[in-house]
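Reader: Hey, got a minute to walk me through this one? Pull it up and let's go over it.

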Amino acid sequence: DVEVGEGMINVTLDQDGVLRSMPLLGFNFDEGNLIPFLTLAAEVARLRINTKDNQEIALDQPNVLQLGSMSIPYPQGNTLINFIGPKGSFPTLSLEKVMKGKFSPHDIKGKIVLLGGKAATFHDLYQTPFTKKMETTLLGNNNHPTHVRMVGTEVHAHLIMTILNQSFIYRVPQWTTFLGVSILGVFGT
């Protein structure tokens, strides 16, 4: 009854199966025309910035999504997620407690609330770059890194925070990487 917006929640994994970025736009066809619509994170940012006016979406600049007065880096159709921490960085509230009224509405007043499931059967768990932890095997003390998967709702929360805090990650052009490695090689030699 109090939903103020919704958006596309599709994700795109990198070639190595890690989720590092997400799209901010989806497209519908209407009478042969492409009509852009916002994904969940972009829609939440739009509503948080200005809830009264319908803000213009502009793709005039290469690799930038202009959402009203906000410019969001959008290289190759995705925005890099600046994860603020590991799995569990955001508070959660079970649906059971909500349905039974065992929570204080004050706890969520004025906050962004995302609804999502955590069950493994939903297939909404993703490996992210910052979700490694050390585990000890049953056979001994051999520690080895293993990946802890993050639920999709929390990944969306990280992208929303990236946009609202404007803590964007930028990829360095390949020529600057080559130049930096070359300079280090010369001085290292």
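Author: Sure, we can go from the overall fold to a few local spots.

Reader: What kind of model is it, and how many helices and strands are there in the chain?

Author: It's a predicted model. The chain has four helices and eleven strands.

Reader: How much of the chain is buried?

Author: Of the 189 residues, 28% are buried. The chain exposes about 13400 Å², and carbon and sulfur atoms supply 56% of that.

Reader: And the contacts, what share join residues at least 24 apart?

Author: Counting contacts between residues at least 6 apart in sequence, 58% join residues at least 24 apart.

Reader: OK, on to α1. Is that helix mostly covered or mostly uncovered?

Author: Mostly covered: α1 spans residues 40-49, and eight of its ten residues are buried.

Reader: Which ones?

Author: The buried residues of α1 are Leu40, Ala41, Ala42, Glu43, Val44, Ala45, Arg46 and Leu47. So the buried set includes Glu43 and Arg46, which count as charged because Asp, Glu, Lys and Arg are put in that class.

Reader: What do they pack against?

Author: Two strands and a helix: β3 (33-38), β5 (64-67) and α3 (152-165).

Reader: β3 again. How does it run relative to β2?

Author: β2, residues 25-30, runs antiparallel to β3, with six bridges joining them. Leu25 stands opposite Leu38 in β3.

Reader: What's in between the two strands?

Author: They form a hairpin with two residues between them. Glu31 sits in that turn and has a positive phi of about 55 degrees.

Reader: Back to α3 for a sec. Is His158 buried or exposed?

Author: His158, which is found in α3, is buried, because its relative accessible area is 0% and the cut-off for buried is under 20%.

Reader: What is His158 in contact with?

Author: Skipping neighbours within four places in sequence, His158 is in contact with Ile81, Asn82, Phe83, Ile84, Gly85, Pro86, Ser89, Phe90 and Met150.

Reader: Switching to pockets. What's the volume of the second largest one?

Author: About 220 Å³.

Reader: And which residues line it?

Author: From one stretch of numbering you get Pro73, Pro75, Gln76 and Leu80. The others are Ile169, Tyr170, Arg171, Val172, Pro173 and Gln174.

Reader: How does that lining split by class?

Author: Seven nonpolar, two polar and one charged. The charged one is Arg171, and the polar pair is Gln76 and Gln174.

Conventions
Residues numbered from 1 in each chain as written. Predicted model: local features only at pLDDT ≥ 70, side-chain atom pairs only at ≥ 80, totals over all residues. Heavy atoms only, no water. 1 Å grid on protein atoms, 1.4 Å probe; cavity = no way out; pocket = protein on both sides within 12 Å on 5 of 7 lines; lining within 4 Å. Points joined across faces, edges and corners; volume = space filled by probe spheres on them. Buried < 20%, exposed > 50% of the residue type's maximum accessible area, 1.4 Å probe, protein only. Contact = heavy atoms within 4.5 Å. Pairing = 2+ DSSP bridges. Areas by Shrake-Rupley, 256 points an atom, 1.4 Å probe, with all protein chains shown as cover.
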